[in-house]
Structures are given as structure tokens and as C-alpha cells.
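User: Please take a close look at one part of this model and follow it outward into its surroundings. Give the cut-offs behind each term as you go.

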Amino acid sequence: MTGTLRSLRSSGSRTPVRHTLLGALAGVAALLATGVTAAPASAAPDPGAVAPSARERALAFWTPQRMREATPLDVLSVDRSEVRAPAPRKGKATVVAPSTPAAGPGPPLAIPHGGGPWTGGGAVTKTAGRVFFTYQGRTASCSGNAVTSANKSTVITAGHCVKLEGAWHTNWVFAPGYHDGQTPYGTWTASKTLSTPQWTASEDMNYDIGAAVVAPLDGKKLTDVVGGQGLAFNTGYNKAMYAFGFPAAAPYDGQKFIYCSGTTYRDFLLSGDHGLTCDMTGGSSGGPWFTQFDEATGTGLQSSVNSFKYNFLPNAMYGPYFGADAQNLYQSAQAS
């Protein structure tokens, strides 16, 4: 995600529409080409699958210096020329409880907030983290979050943080609890990355949701180490939500855990997404949005991810509605 997303393409520019989203996002390549580190090729044998040898290379590749130097992948950028995408499919309201310690919601202390460091502590500082990967041969970063899952190894992020412009990212790793160049809970390599069928096929912005299944680290599974947040699907709009991420484009630098909060609204322009006042920038893509978030414990129900901004609304962030296809993606990931 970028500062105002204008670095993806110039303000007021026009991009051909591939029925769904933002077409090709051609400006991302130019952005990432500036001051980034080339990475060795490590193509997956099958779409989304990662061979053990590639995981070993990824773990060795992501040194603390490379993490600090990784260029933030921009939030998707949309302008008025885009065609409105069909609304996401709905289904039955479903909640997955957190596997982290939880208490009843206390009174909100940090809502609304347009963007700033999270100082509340709690489980979210362990479950959320930075995502690093190679995109078009260059290092890049997003955000992600560990969730309760049958395999204890599932991370939810944005679709464009696992696949973009028709290619799956490589050297994909997750660093939960990242801060100030530190990875206190280790660096977890993806054994598989997935996205919704609509994102995989045509990068439809209504379905900009991705997932990764990470391999065990030192004989332990991810949520046994950091815990897992709950999830909520098909629970409606206009909710009090907290959004988190690791924005790395100015005025942020990727070293701090940032949040926004407020009452969301349904996008009235081109998508069926949630909207939230938020100034997070590039690198926060894929960071979790929570409903029923308890500031005292740092737990909630993940209900979206940071996805895109409109060029002409730089202080508003949008995140996809977690409907039937998001739920199916989660089921597929936790069964892997």
C-alpha cells in the first residue's frame, strides 16, 4: 500500500479495465524498481505451492537488512474511470472464535482514530506481522495476521500480497510481531499461498483476499507460538472496526505497528468493500480489520484486510467484505 496510492499511477490517469479491478497496476513495477534489492528466482512448481528447497532459500534470503530495505507494495489504486465490480457473494453469518486469551469487550478507548502507533499491547501485537516476498524480481512487503485454524498455520492477507499481475509472489515469509527490525517470534516461510477464485482468475478488487499456510518453525506451529485471532463472515456493514498494519511509505517507515479505528461504511463508488477513515500507506496492505475488538486483550474477529484507496480520497482505506468466497478461502487454507 502506498502513501496516497498516487505512486501507483498518476492522479487522474486511466487504466484499461479487465472487467474487475484496476487492470494491470502498471505503475507498481516502476515504484518497486527504485532502491530495492534483486532476489534470486525461486518459482513454485505449481501455482501457490512452495517446494521445501524454495522455503529454505527464502528463509536464508530474508536477512534483517533486506527486511528493512524491502519496498512496500502499494495498496491498490482506483480512479473514477474504473468500472464498478459486482458485489461479493453473501452467505450465512459465521464466526470463528479466537484461540488467543480473550475477555469481554471493554469500553472503547482508541476509537475513532485516523492512524497512529498502536500502544495498547495485547494479542494483536503477536498475531499481526509483516509479510515479505519477491515481486517481479524485487523485494517487497505487506502485512498479515495469524488466525485460528485447524492446521494452526494459516495467515490471512490481501490477494495482491500473494499474487499480482498474473504471477504468484516468491520467497514469501511472515514475521509476526515485527517491530523496529526485530522478529521476536521468528520468520515463517509459506508452504502454500492462496487467494479467492475471483482474485486468482482476474484480480477482482471485491475479492482482494489472500492466505498463506506456513511451515512449522523449530518444530512448532504458528498459532501455538503466537495465538490466532477469530474471524467473522457475512456479518454486514457499518461496524465499529479496528484496522492494523505496517505501513512503510512516508510518513511511516515500516518499523512500527499502526492502527486506525472507527465506524465503517459501505463503499458507494466502485466496490462492495468496507470503507474507513485511515491514513496508512504502502506496506499496510493485507493488515487485519477486526470487529468486536477488545482493546484490553488485543483480540477480535477478523472481518477484512487493508486493500485499496481511491486516488481522490487519500485518507480513506477500503477492505473487502468477508462473504462466502472469503469463507471458502479460509476453509481451503486451514485444510491444507
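Analyst: **The Cys260–Cys278 link and its surroundings**

Cys260 and Cys278 form a disulfide, with 2.1 Å between their sulfur atoms; the term stands for a pair of cysteine sulfur atoms within 2.5 Å. The model is predicted, so local features need pLDDT of at least 70 and side-chain atom pairs count only at pLDDT 80 or more, while totals for chains, interfaces and linings use all residues. Residues are numbered from 1 along each chain as its sequence is written, and side-chain values use heavy atoms, with hydrogens and water left out.

The link of Cys260 and Cys278 is right-handed, with 70 degrees about the S-S bond. Cys260 sits in strand E15 (residues 258–263) and Cys278 in the loop between E17 and strand E18 (288–294), so the pair ties together parts that are 18 residues apart in sequence. Strands (E, at least two residues) and helices (H or I, at least four) are DSSP runs, numbered from the N terminus. Cys260 and Cys278 are both buried, where buried means under 20% relative accessible area, exposed over 50% and partly exposed in between (1.4 Å probe, protein chains only).

Strand E17 covers residues 274–277 and pairs with E21 in the antiparallel sense over 4 bridges; pairing requires that DSSP finds at least two bridges between two strands. Within that pairing, Leu276 has Met317 of E21 as its bridge partner. Strand E21 covers residues 316–319: Met317 and Gly319 point one way, Ala316 and Tyr318 the other, and all are buried. In a regular strand the side chains alternate between the two faces of the sheet.

A residue of E17 also bounds an internal void. His274 is one of the residues that line the largest cavity, among them Asn234, Lys239, Thr291, Tyr321 and Phe322. A cavity is a set of points on a 1 Å grid over the protein atoms alone where a 1.4 Å probe fits but cannot get out, and lining residues have an atom within 4 Å of a point. The count comes to 1 cavity of 30 Å³ or more, and the largest has a volume of about 50 Å³. Grid points are joined across faces, edges and corners, and the volume is the space filled by probe spheres set on them. The lining divides into 5 nonpolar, 6 polar and 1 charged residues. Here Ala, Val, Leu, Ile, Met, Phe, Trp, Tyr, Cys and Pro count as nonpolar, Asp, Glu, Lys and Arg as charged, and the others, Gly among them, as polar.

Asn234 of that lining has a positive phi of about 60 degrees although it is not a glycine. Asn234 lies in the loop between strand E13 (230–233) and E14 and is buried, with a relative accessible area of 8%. On the other side of E14, the loop between E14 (240–245) and E15 holds Pro251, which a cis peptide bond joins to Ala250, with omega about 10 degrees.

A search of the whole structure finds 2 disulfides. In the other, Cys142 and Cys161 have their sulfur atoms 2.2 Å apart. The torsion about the S-S bond of Cys142 and Cys161 is about -80 degrees, so this disulfide is left-handed. Cys142 belongs to strand E6 (residues 138–146) and Cys161 to the loop between strand E7 (154–157) and strand E8 (163–164), so the pair ties together parts that are 19 residues apart in sequence. Cys142 and Cys161 are both buried. With the bonded cysteines numbered in sequence order, the pairing is 1-2, 3-4.

Note on methods: 1 Å grid on protein atoms, 1.4 Å probe; cavity = no way out; pocket = protein on both sides within 12 Å on 5 of 7 lines; lining within 4 Å.
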